[in-house]
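The following exercises concern a single protein chain. Each task is followed by a solution that proceeds step by step.

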Amino acid sequence: MSDESLYLVKLQFQSGVVGGGSMEIQFAVDPKTDALNGRANGHIQEGTQHSPQFTSSASGHMHATGYNDVTKVGALTGQAVVSFPPPAIGSYLSPFTASFAVDNQWNGKGSFSVGDNTYQCKVSLID
């Protein structure tokens, strides 16, 4: 019997573009299968007066690369609930995707998409 067990990772995706989106994603990693399952929360068009927010369950896979600077790559997909704060109250479902290429400390680059909004981001581990 293997002693490998699930572990949790929490990552910050931060766009370098003014008004770009941001998100935090927390997922469990199954080291036996490299399966990922988790939840993402973030903002679309951050910095606008009434920035839409989203939350999404997501699942996917991660793979080891064997490269020096990029040791892990992964991708997750799901359905996001996008919500508008007052005064434009409402919500809708939208496709969600996220991908990352990181080093052993979970720092690197990635992107995420909610519907038609896609953001290239710096990825960093949240303690």
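**Exercise 1. Overall architecture**

Which pattern does the chain follow when read along the sequence?

*Solution.* The coordinates belong to a predicted model.
Step 1. Read along the sequence, the pattern is β-β-β-β-β-β-β-β.
Step 2. The count agrees with this reading: the chain holds 0 helices and 8 strands.
Step 3. The radius of gyration is 15 Å, close to the 14 Å that the globule rule gives for 127 residues, so the chain is as compact as a globular protein of that length.
Step 4. The C-alpha trace spans about 55 × 30 × 25 Å along its principal axes.

**Exercise 2. Surface, contacts and charge**

Determine what share of the residues is buried, and characterise the surface, the contacts and the charged side chains of the chain.

*Solution.*
Step 1. Of the 127 residues, 35% count as buried.
Step 2. The accessible surface amounts to about 7,300 Å², and carbon and sulfur atoms account for 53% of this area.
Step 3. Consider the contacts between residues at least 6 apart in sequence: 42% of them join residues at least 24 apart.
Step 4. There are 6 positive and 10 negative side chains, and 3 Å separates the centres of the two sets.

**Exercise 3. The nonpolar core**

How many residues does the largest nonpolar core have, and which of them have the most contacts inside it?

*Solution.*
Step 1. The largest nonpolar core has 26 residues.
Step 2. Those with the most contacts inside this core are F54, F96, F100 and F112.
Step 3. At least two residues of the core come from each of β1 (7-15), β2 (22-30), β3 (35-43), β4 (53-64), β5 (72-84), β6 (90-102), β7 (108-114) and β8 (117-125).
Step 4. As general background, nonpolar side chains tend to be buried together in soluble globular proteins.

**Exercise 4. Two strand residues**

Establish, for N41 and then for S111, the strand that holds the residue, its burial class and its contacts beyond four places in sequence.

*Solution.*
Step 1. N41 is part of strand β3.
Step 2. The relative accessible area of N41 is 41%; because the partly exposed class lies between 20% and 50%, N41 is partly exposed.
Step 3. Leaving aside neighbours within four places, N41 is in contact with S22, M23, E24, F54 and T55. For one of these, M23, the C-alpha atom is 5.5 Å from that of N41, although the two residues are 18 apart along the chain.
Step 4. S111 belongs to strand β7.
Step 5. The relative accessible area of S111 is 16%; since buried means under 20%, S111 is buried.
Step 6. Not counting residues up to four places away, S111 touches F13, T97, A98, S99, Y119, Q120 and C121.

**Exercise 5. Positive phi in loops**

Where do D34 and W106 lie, and are they buried, partly exposed or exposed?

*Solution.*
Step 1. Most residues other than glycine have a negative phi.
Step 2. D34 has a positive phi near 60° and is not a glycine. This residue is placed in the loop between β2 and β3.
Step 3. With a relative accessibility of 26%, D34 counts as partly exposed.
Step 4. W106 also is not a glycine, and its phi is positive, at about 65°. The loop between β6 and β7 contains W106.
Step 5. The relative accessible area of W106 is 8%, and W106 is therefore buried.

**Exercise 6. Loop positions and separations**

Locate N68, P86 and A88, classify their exposure, and state one C-alpha separation for each.

*Solution.*
Step 1. N68 occupies the loop between β4 and β5. Its relative accessibility is 75%; because exposed means over 50%, N68 counts as exposed.
Step 2. The C-alpha atoms of N68 and N107 are separated by 13 Å, with these positions 39 residues apart in the numbering along the chain.
Step 3. P86 is in the loop between β5 and β6, and at 54% relative accessibility P86 counts as exposed.
Step 4. P86 and E4 are 82 residues apart along the chain, and their C-alpha atoms are separated by 46 Å.
Step 5. A88 also lies in the loop between β5 and β6; with a relative accessible area of 45%, A88 is partly exposed.
Step 6. A distance of 36 Å separates the C-alpha atoms of A88 and H61, which are 27 residues apart along the chain.

Conventions: Residues are numbered from 1 along each chain as its sequence is written. This is a predicted model: local features need pLDDT of at least 70, side-chain atom pairs count only at pLDDT 80 or more; totals for chains, interfaces and linings use all residues. Side-chain values use heavy atoms; hydrogens and water are left out. A nonpolar core is a set of buried Ala, Val, Leu, Ile, Met, Phe, Trp, Tyr and Cys residues joined through side-chain atoms within 4.5 Å. Buried means under 20% relative accessible area, exposed over 50%, partly exposed in between (1.4 Å probe, protein chains only). Helices (H or I, at least four residues) and strands (E, at least two) are DSSP runs, numbered from the N terminus. The radius of gyration is taken over C-alpha atoms; the globule rule is 2.2 Å times the number of residues to the power 0.38. Contact means heavy atoms within 4.5 Å. Accessible areas come from the Shrake-Rupley method with a 1.4 Å probe; for residues, only the protein chains shown count as cover. Lys and Arg count as positive and Asp and Glu as negative; His and the chain ends are not counted. The place of a charge is taken as NZ of Lys, CZ of Arg, CG of Asp or CD of Glu.
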